[in-house]
Amino acid sequence: MVVVALLFATALAAAPQIDSVYGPLPVFELHSGFWINLHHRLYEAARQQRSAAPAGSAKSGKSAKPVLQVAPGAKPALTGPEQRAWDDAVSYYAANYADKDLLFSTELVLLKNQLGDFETCDELSGAKKRTCDAGLPGKLTQILEGAAPVYRAHHWLADDRANRAWIKRVAPLVREQGVGLSHRLAEIYQTQWPNEKIRVDVSAVANAAGAYTTLDPLRVTIAGTDARNQGAAALEVLFHEASHGIATPVEQAIARECRQRDKPIPRDLWHALIFYTTGEVIKPVMDTEGDAASDRMVPSGSGGSDASQGGKHSSEDGDYTPYAKREGLYQRGWENYLTLLTRYWQPYLEGRATFDDAIAHMVSAL
Ligand SMILES: [Zn+2]
């Protein structure tokens, strides 16, 4: 197992960075794709331009002009034509997409998926290679192909490197814990985990939440540089996002119970529930991982290994703080949900209640 992993790592290191898929891993298929990253960069720049433009107060030092930040070590400045191509692309995105939501706009979801599927192509028009005709509207193709060399020359290397670093950090956790966690979550949600690996696009930027998931096909987009998605949280974010695709039975059960009791369906209860559940399922795993990691750290540490030997297992509650708690999600209007989940859902997670009873109790206590 170790040997295989090592061989693979060597092969990967030696290969030119043209393969946008990292793997093989269980459960997830992690991508760092050029077009998807460009798309999210342009979308973000367009949103910034839009929010910087209208207010009319010239006071803030913020310029409304879209600027492509130059990565360290890249070519220093955009040439005139490069800047124009980039500005055109941002303006196009501002006019056509900035008001639409990456998650809720069908148009943006389809575009994102299409750009993911064409990640190995260096064009989208099919002019050089027929199989690289992504079938996008002509103007959009022209805009993206115009912005592509600019992005490639000035920012893509840094973005790709950051995406791959994120993937590399989370990959061992996925390899060790992915299958177990997927089985556990599927069992909790009384469903099947998808047979096919879930595609995850790691992008320099994503939406405001730092990650989002679109269905049919189930695909996850995660911002690899988002502070909320780092360290141990990376694994939780992966499984939280994937849960969006598999927790439908929970959503349906909540709706059913609400209808039976003539209650309005609480919009976010199921979402709070998958946050809570992922956190609870990940916690013991991460606490063990944390111990294992500190075991590995001890020998290279600065002496005092005896002291740390005793210390590392001492916290019985463990150290991992689930995402929703850490990011204060329950304090933003979900306090009641947290109470319900702790009182009625937690017993189900511990095998002391049935799924149906847990949901029924939560809904009747609403
Ligand atoms: Zn979510």
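Which cysteine does a disulfide join to Cys-121? In this predicted model, the partner is Cys-132, with the two sulfur atoms 2.0 Å apart. The structure holds 1 disulfide, and a bond of this kind is covalent, linking the sulfur atoms of two cysteines. Both ends sit in the loop between helix 4 and helix 5, so the bond ties together parts that are 11 residues apart in sequence. The torsion about the S-S bond comes out at about -80°, so this disulfide is left-handed. Neither end is out on the surface: Cys-121 is buried, and Cys-132 is too. Another cysteine, Cys-258, is also buried, with a relative accessible area of 0%; this residue belongs to helix 7.

Next comes the metal site. A zinc ion is held by the NE2 atoms of His-240, His-244 and His-271, at 2.0 Å. Along the chain, these donors follow the spacing H-x3-H-x26-H. The site brings distant parts of the chain together, with His-240 coming from helix 6 (residues 233-246) and His-271 from helix 8 (residues 269-297), 31 residues apart. His-240 and His-271 are both buried.

Helix 7 covers residues 248-260. With 13 residues at 1.5 Å each, counted as one less than the number of residues, the helix should span 18 Å, and its end C-alpha atoms are indeed 18 Å apart, so expectation and model agree. Its buried residues are Val-250, Ala-253, Ile-254, Ala-255, Glu-257 and Cys-258. A charged residue thus turns up in the buried set, namely Glu-257, and this same Glu-257 takes part in a network of salt bridges with Arg-256, Arg-261 and Asp-356. After helix 7 comes Asp-262, which has a positive phi, near 55°.

Salt bridges turn up elsewhere as well. Side chains of opposite charge can pair when their charged atoms come close, and a search of the whole structure finds 15 such bridges. One of them pairs Asp-99 with Arg-50, at 2.3 Å from N to O. This pair links distant parts of the chain, since Asp-99 is in the loop between helix 3 (80-96) and helix 4 (106-117) while Arg-50 is in helix 2 (residues 34-52), and 49 residues separate them. As for accessibility, Asp-99 counts as exposed because its relative accessibility is 62%, over the 50% cut-off. Arg-50 is partly exposed, at 33%.

A more local bridge is the one between Arg-184 and Glu-187, at 3.0 Å from N to O. These two residues share helix 5 (residues 138-188) and are 3 residues apart, about one turn of the helix. An α-helix has 3.6 residues a turn, so residues three or four places apart point the same way. Arg-184 is partly exposed, with a relative accessible area of 29%, whereas Glu-187 counts as exposed at 52%. Then there is the bridge from Asp-201 to Arg-199, where the closest N and O atoms are 2.8 Å apart. Here both partners are buried.

The backbone has a few quirks too. Most residues other than glycine have a negative phi, and most peptide bonds are trans. Against that background, the loop between strand 4 (211-214) and strand 5 (219-223), where Pro-217 is placed, deserves a mention. A cis peptide bond joins Asp-216 to Pro-217, with omega about 0°. Asp-216 is found in that loop as well, and its phi is positive, near 50°. Is Asp-216 buried or exposed? At 77% relative accessibility, Asp-216 counts as exposed.

Val-27 is another non-glycine residue with a positive phi, near 70°. Its position is in the loop between strand 1 (21-22) and strand 2 (28-31). Val-27 counts as buried because its relative accessibility is 10%, and buried means under 20%.

Notes. Residues are numbered from 1 along each chain as its sequence is written. This is a predicted model: local features need pLDDT of at least 70, side-chain atom pairs count only at pLDDT 80 or more; totals for chains, interfaces and linings use all residues. Side-chain values use heavy atoms; hydrogens and water are left out. A salt bridge is a side-chain nitrogen of Lys or Arg within 4 Å of a carboxyl oxygen of Asp or Glu. Helices (H or I, at least four residues) and strands (E, at least two) are DSSP runs, numbered from the N terminus. Buried means under 20% relative accessible area, exposed over 50%, partly exposed in between (1.4 Å probe, protein chains only). Donors are N, O and S atoms within 2.8 Å of the metal (3.2 Å for Na, K and Ca); water is not among the atoms, so sites may look incomplete. A disulfide is a pair of cysteine sulfur atoms within 2.5 Å.
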